[in-house]
Structure formats: structure tokens, C-alpha cells
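I set out to look up the aromatic contacts in this model and the surroundings of the parts that carry them. My entries follow in the order in which I made them.

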Amino acid sequence: MPSIRLISEPPAALSHQIARLERELGARLFERTSRRVRLTPAGAAFLPAARQCLDAADRAAAEVAAAVGEIRGRLAVGLIPTVTAVDIPEALREFRERYPHVRISLRVGASDDLIDQVEHGALDVAFLGLPTTARPHGVAVHELARDRLVAVVAPDHPLATESTSDLRRLADEVFVDLPAGTAGRSQSDQAFAAAGLTRDVAFEVTTADYIARLVAPGLAIAMLPADYAPRLAGVVTIEVIDAPTRVEYVVWNAATRGPAASAFLGILDIPTSARRES
């Protein structure tokens with residue numbers, strides 16, 4: 001098989017390795033100009049398989065290290081911004097202290113994207129939040145917690161003095177929410193639809209922190225998980241008696257789970273015998 005490990009080489013040596021690889025493959029992988037280097041169609045076709053080979057080599061090295069009692073390799077963790085069931089920074093701190101030779105990366109994203117990345121090996125472990133009507137597929141799943149949503153309003157909003165509200169009363173308000181079609185948005189959309197109500201989502205943002213920045217000056221109200229909302233400054237939370245519930249999960253790929261991912265799940269006391277959801 002042609003050599004494909006081209007990492008940490010000086011520019012001249014790297015160019016020689018690429019040229020040798022192209023000769024072995026019988027195709028040009030890169031188009032070179034005075035300003036840029038880009039993949040050729042052959043290079044684009046070669047890249048996914050090359051990455052898979054490198055990942056497999058890394059996993060093999062990690063398995064060998066684990067066999068002699070040492071955890072090495074990588075740990076790629078994904079999470080939604082509003083995860084509360086697990087203290088991720090504390091878990092990563094403990095993991096790094098125990099396993100200092102593991103390379104850790106952390107990505108924040110939407111639940112659906114994180115599931116896809118775990119299924120295809122880009123992430124080892126991910127922490128999600130989904131409506132009760134959905135469940136992750138294609139990955140191993142463990143339920144962490146359930147949490148009701150609450151309304152979040154500006155301190156001078158007319159509802160700010162109320163201890164409770166309901167969806168019908170909230171439906172007349174202007175909302176800020178996550179983009180339509182995302183798991184974080186659908187739990188609220190489904191709740192209003194089930195109650196026969198419509199609402200005006202005038203602002204769509206991708207992070208919960210920015211939701212609070214629009215709520216605080218009174219531009220809109222929002223619905224966020226009850227355990228997460230108290231972390232936000234400058235807003236007031238209100239219990240919603242018929243609010244939807246979201247479920248937090250941790251997911252991983254049982255087929256490709258390496259020693260580092262197993263060790264991380266072990267720190268969290270997550271049973272790795274959970275079955276894959278098809």
C-alpha cells in the first residue's frame with residue numbers, strides 16, 4: 001500500500017513524499033499554482049480512504065498501548081451548549097490527570113450533527129439534548145437525564161413577576177430560538193403545535209448564550225432547559241406548566257470505540273453495554 005503519513009515533515013520532504021505517492025498511485029493528487037495548492041478529482045477521491053487508514057493506524061496504536069496498561073490516542077468529545085447532566089469540564093480535567101498522553105479535542109454543535117459525527121467516527125463521544133419524541137440512531141445510547149423547559153424573559157417583561165405561565169399565554173409573544181429543524185428547536189415547536197398554537201419566532205440564533213443576549217433587552221422571550229437557564233445573567237425564568245421535556249443522552253460508536261473513549265465513559269460511570277440504536 002502507498003505510504004500516506006505525511007505529517008510533521010519539512011516542506012521539501014513533504015513535497016518529495018507527495019510526488020512519490022502520486023507516482024505510486026499513478027495520478028496527480030494536487031494541482032499546484034504560484035498562489036495555491038488544491039486537490040484534483042483523484043485527490044478528492046483518495047482523501048477519505050487515506051483518512052480512514054490514518055484513523056485505523058491511530059486506533060491500532062492505541063489498542064496496543066492499552067494492552068500494556070497505557071491509555072494513548074485521541075478523545076474527541078462533542079456536546080450541545082446547554083448540556084447540564086454532566087459537568088464536562090470537570091470530567092475532562094479528571095480524564096487529563098489520569099491519562100495525560102491522550103489528545104483531547106472538544107466540539108460544540110447541534111445534536112443531529114453530533115450524532116452523525118459519532119456514527120462516522122469524527123467524534124468518539126457526544127452529549128445531546130432531544131425531544132421525548134426522538135432518539136439517537138446509528139450509535140450506542142445512554143440516557144442521562146430529563147429536564148423541562150422554562151420561559152426566559154427580560155427583567156422588565158410583564159411576565160417577569162409571574163411564578164408560572166402556560167403555552168397559550170406565551171404564544172402571543174415574540175420568540176428567539178435555535179434554527180428551525182434542529183433538535184433544540186423542535187421540542188418547543190412540537191409542544192406549541194400539539195396545543196394547537198402558533199408562535200412568532202422572529203430571531204434564530206445558533207447558541208443559547210446569544211439567545212439570552214436578545215432576551216435581556218426585551219427583544220424576545222425564549223424557552224430553555226430549566227437546569228441551564230439559571231446560568232444566564234440578566235434574565236428571569238418562569239415555570240411553564242405545560243412545557244415540553246427534553247432528554248439528555250450520551251452517545252458513542254460501539255464498533256469503533258477506542259480505549260480513550262472507554263476510559264472517559266468509565267470516569268462518568270456510563271455502562272458501555274448500551275445497545276446500538278438502528
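I began with the rings and found that Phe95, Tyr99, Phe127 and Phe264 form one aromatic cluster. I note that the model is predicted.

I then took the count of aromatic pairs, which is four for the structure. For Phe95 and Phe264 I read 5.8 Å between the ring centres and 85° between the planes, so I entered this pair as edge-to-face. Phe95 belongs to helix H3 (residues 88-98) and Phe264 to helix H8, so the pair ties together parts 169 residues apart in sequence.

Are these two rings buried or exposed? I found Phe95 at 0% relative accessibility, which counts as buried. Phe264 is buried too, with a relative accessible area of 0%.

I next looked up Phe175 and Phe192, an aromatic pair that is edge-to-face, at 5.6 Å centre to centre with 75° between the planes. Phe175 lies in strand S8 (residues 174-177) and Phe192 in helix H6 (residues 183-194), so this pair ties together parts 17 residues apart in sequence. I recorded both Phe175 and Phe192 as buried. Over the face of Phe175 I found Arg199, at 4.7 Å from the ring centre.

I returned to helix H8 (residues 259-267) to check its surroundings. Seven of its nine residues are buried, so I entered H8 as largely enclosed by the rest of the structure. The buried residues are Pro259, Ala260, Ala261, Ala263, Phe264, Leu265 and Ile267. Just after H8, I noted a positive phi of about 60° at Asp269.

Conventions
Residues numbered from 1 in each chain as written. Predicted model: local features only at pLDDT ≥ 70, side-chain atom pairs only at ≥ 80, totals over all residues. Heavy atoms only, no water. Buried < 20%, exposed > 50% of the residue type's maximum accessible area, 1.4 Å probe, protein only. Helix = DSSP H or I, 4+ residues; strand = E, 2+ residues; numbered from the N terminus. Phe/Tyr/Trp six-rings, centres within 6.5 Å; stacked < 30°, edge-to-face > 60°. Lys NZ or Arg CZ within 6 Å of the ring centre and 35° of its normal.
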